[in-house]
2 protein chains.
Amino acid sequence: MARTHALESPSVAIAGVTGAVGQEFLAVLAERNFPIGRLKLLASARSAGREVAYGGKTHTIEELKEDSFEGVDLALFSAGGGVSKAFAPLAVDAGCTVIDNSSAFRMAEGVPLVVPEVNPDAIAQAGIGLGAGGRSGIVANPNCSTILMLVVVHPLHAAAGVERIVASTYQAASGGGAAAMSELEQQTRESLDEAGGREVRSKAVFGRTYAFNLFSHNSPLQPNGYNQEELKMVHETHKIWRQDALPEAARTGITATCIRVPVMRAHAESLNLAFTRDLHEDEARELLAAAPGVVVVDDRATETFPTPLDASGTDPVQVGRIRRDLSRPAGRGLDLFLCGDQIRKGAALNAVQIAELLIA
Amino acid sequence: MARTHALESPSVAIAGVTGAVGQEFLAVLAERNFPIGRLKLLASARSAGREVAYGGKTHTIEELKEDSFEGVDLALFSAGGGVSKAFAPLAVDAGCTVIDNSSAFRMAEGVPLVVPEVNPDAIAQAGIGLGAGGRSGIVANPNCSTILMLVVVHPLHAAAGVERIVASTYQAASGGGAAAMSELEQQTRESLDEAGGREVRSKAVFGRTYAFNLFSHNSPLQPNGYNQEELKMVHETHKIWRQDALPEAARTGITATCIRVPVMRAHAESLNLAFTRDLHEDEARELLAAAPGVVVVDDRATETFPTPLDASGTDPVQVGRIRRDLSRPAGRGLDLFLCGDQIRKGAALNAVQIAELLIA
């Protein structure tokens, strides 16, 4: 449905408002003074009736239903892929534009997959917008690990053409939702209460010992031996960089190993980058210092580098340990290390930034 | 001093017996029934007089002094680089062979740097041995991250020539000694006792928040931006593989990013390998299954892969997530993930295996 006028204060719905990302949607919308006409908070029947404060008012959570999106201009979804698959198309049919945090539509043709610092124009190119002439549609929020990586790597790619990325992640509990964060805390208490620390009881979310331990990311394993999280970093990056239609040899070669570590809410990534054109360490540092959404934390004198705890609750992706890869010709390789809040820039903040593009 | 007869039960000293690795020396020597004639336990004056049980007897710790090594055939050192530098040459002059766990002599000319599964012959080539004709000398135990990496990568290198390694580590507290492990535990208790979990008081070892956090490895930063731990993985590997005299282009290209994670005593490493000759995933898995000191933990059906907790207290290095690097031509790249006990194979066990080679 094409709009005939721009919206200054859209009617906004949040689907999955009780989750970790849902709660962060509210915090980020408030912080950024996002203009909201009417606010509709949606969740499962179990949470319906609960009250939530926003903007000085009390809002009552409603059950997410097929007709929830009548009269809603913009919906932020973070209620899992199943809910997105079932309800996002209904919302779009009702004239609502959906920003979806799940993986359900990320790779779908015609659905823009957007990191605002990287490919903001993908939304307008798809014709989606709340302004005049815009149509309703789905805009997908990329996977958290992809977002954090691309905010940092994109300015380097624009300058020197990234030929290859080898990524190893250090991912926080929050990627598994609020229950996963509680599980890590509870397991850690149990582990400290018991000598040896091997026997923990709270395993409902991950099914394994997480306290003082780490493990291969819990996303489903694919026949090629990669897990889905790893392949998301590969495929989503190719889509965002518009390399998905290129022959394989012309795409950036990307491989990733994704690991869950006992950290609460910020992911870290160790990235090894190879370039097609010369990019030296100092130039990379200057590009990153000027890049939107990035803060360089790289003080060798005081050995101050990014940490998940420092990145937690903050908007920018921290990058440091920027150095020439000594195993590659000068100018052709860099190593770096980044940390970013998984719930904020990895999910809610990126979605709200997309919303800002939609009403611009 | 060259020996005229083989030693069946050498007189053994342990320097630094009160540390985490020192204690593990005793455990591993006992488990492996290492033949010991006389056992001398050495530590700083502070610990002298303390009693330690070994082999059904009580031993009194003596202060480490210049004349401590008179009549000692073999000494295991793990008391820090300063102690090694001061006392290991004195021990050698007294006819004692030293297996040194510090970094003091690793890169020194004429000092073999040995992973018994990789380059056991380096000891005999240096003429060092407790058997007939052997001379006393220093044998260096490599850095823990290097040992764990090479036990896994060496059989693949032997088969297909490893051209390049990109390593990212997930390193346990134990690398900082027993005090670091206590600090992680104590900080975690403090963090759980306080809302928010940011303020912790116990920072004597690392000087930063470690509970539910991770940080760039604390070894000194070098002018090129690498920390020493990372460069150890590069330079020690080149020495062990006898590539240190080769021109740079002929060596295996190695880069590493070393990160300390809140795990107690086993390190993990994410490795991306490129080969000069074809090596496919199935062949790599077969080579690793047959490799000494390695256990393949790679069950995709049950998603059972290496974890630090499973590797803790065990001898072999666990390797899993073995898969073709999809960003490289088939046969030319693999990703894998390993875990190994930092105190055992990363330190004490490797040293005792060297001792076994010396008396063989």
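## A walk through the two chains

T255(B) counts as buried because its relative accessibility is just 1% (buried is under 20% relative accessible area, exposed over 50%, and partly exposed in between, with a 1.4 Å probe and protein chains only). Before going further: this is a predicted model, where local features need pLDDT of at least 70, side-chain atom pairs count only at pLDDT 80 or more, and totals for chains, interfaces and linings use all residues. Residues are numbered from 1 along each chain as its sequence is written, chains are lettered from A and ligands numbered from 1 in the order in which they are written, and side-chain values use heavy atoms, with hydrogens and water left out.

Back to T255(B), which sits in strand β11 of chain B (helices, H or I with at least four residues, and strands, E with at least two, are DSSP runs numbered from the N terminus). Who are its neighbours? Leaving aside residues up to four places away in sequence, T255(B) touches N272(A), D325(A), S327(A) and D335(A) in chain A, plus R164(B), I165(B), V166(B), A167(B) and Y226(B) in chain B; a contact here means heavy atoms within 4.5 Å. Its side chain makes a polar contact of 2.5 Å with the side chain of D335(A), and another polar contact, at 2.8 Å, joins it to the side chain of Y226(B). For the record, a polar contact is a pair of N or O atoms within 3.5 Å; within protein, one must be able to donate a hydrogen and the other to accept it, and residues adjacent in sequence count only if both atoms are side-chain atoms.

Now zoom out to the interface between the chains. Here 64 residues of chain B are in contact with 64 residues of chain A. Together the two chains bury about 5,200 Å², with carbon and sulfur atoms giving 54% of that (buried area is the accessible area, 1.4 Å probe, that two parts lose on being put together, summed over both). How many salt bridges are there between chain B and chain A? The count is six, taking a salt bridge as a side-chain nitrogen of Lys or Arg within 4 Å of a carboxyl oxygen of Asp or Glu. R164(A) and D325(B) meet in a salt bridge through their side chains, at 2.5 Å from N to O. Polar contacts between the chains come to 36 residue pairs, both at pLDDT 80 or more. Strand β11 (residues 253–260) of chain B gives the most to the side of chain B that touches chain A, supplying seven residues. By class, that side of chain B has 27 nonpolar, 20 polar and 17 charged residues; Ala, Val, Leu, Ile, Met, Phe, Trp, Tyr, Cys and Pro count as nonpolar, Asp, Glu, Lys and Arg as charged, and the others, Gly among them, as polar.

Next, look inside chain A. It is divided into domain 1 (12–142) and domain 2 (146–172 + 215–260 + 263–342), with bounds from an automatic or database domain assignment. The centres of the two domains of chain A, taken over C-alpha atoms, are 27 Å apart. Contact between them involves 17 residues of domain 1 and 16 residues of domain 2. They bury about 1,400 Å² between them, 60% of it on carbon and sulfur atoms. M107(A), E117(A) and V118(A) supply 37% of the area that domain 1 of chain A buries against domain 2, more than any other three residues.

Across this domain interface in chain A the rule finds three salt bridges, and six residue pairs are in polar contact, both at pLDDT 80 or more. Helix α3 (residues 121–125) of chain A provides the largest share of the side of domain 1 that touches domain 2, with three residues. The residues on that side of domain 1 of chain A divide into eight nonpolar, four polar and five charged.

Over in chain B, M107(B) lies in the loop between β7 (97–100) and α3 (121–125). Why is M107(B) classed as partly exposed? Its relative accessibility is 45%, so it counts as partly exposed. M107(B) touches H235(B), E236(B) and K239(B), not counting residues up to four places away in sequence.

Two backbone details round off the tour. F212(A) has a positive phi, near 50°, in a residue other than glycine, and its place is the loop between α5 (178–193) and β10 (215–216) of chain A. F212(A) counts as buried because its relative accessibility is 9%. E303(B) also isn't glycine, and its phi is positive, near 50°. E303(B) is in the loop between β13 (294–296) and α8 (308–311) of chain B, and with a relative accessible area of 22% E303(B) is partly exposed.
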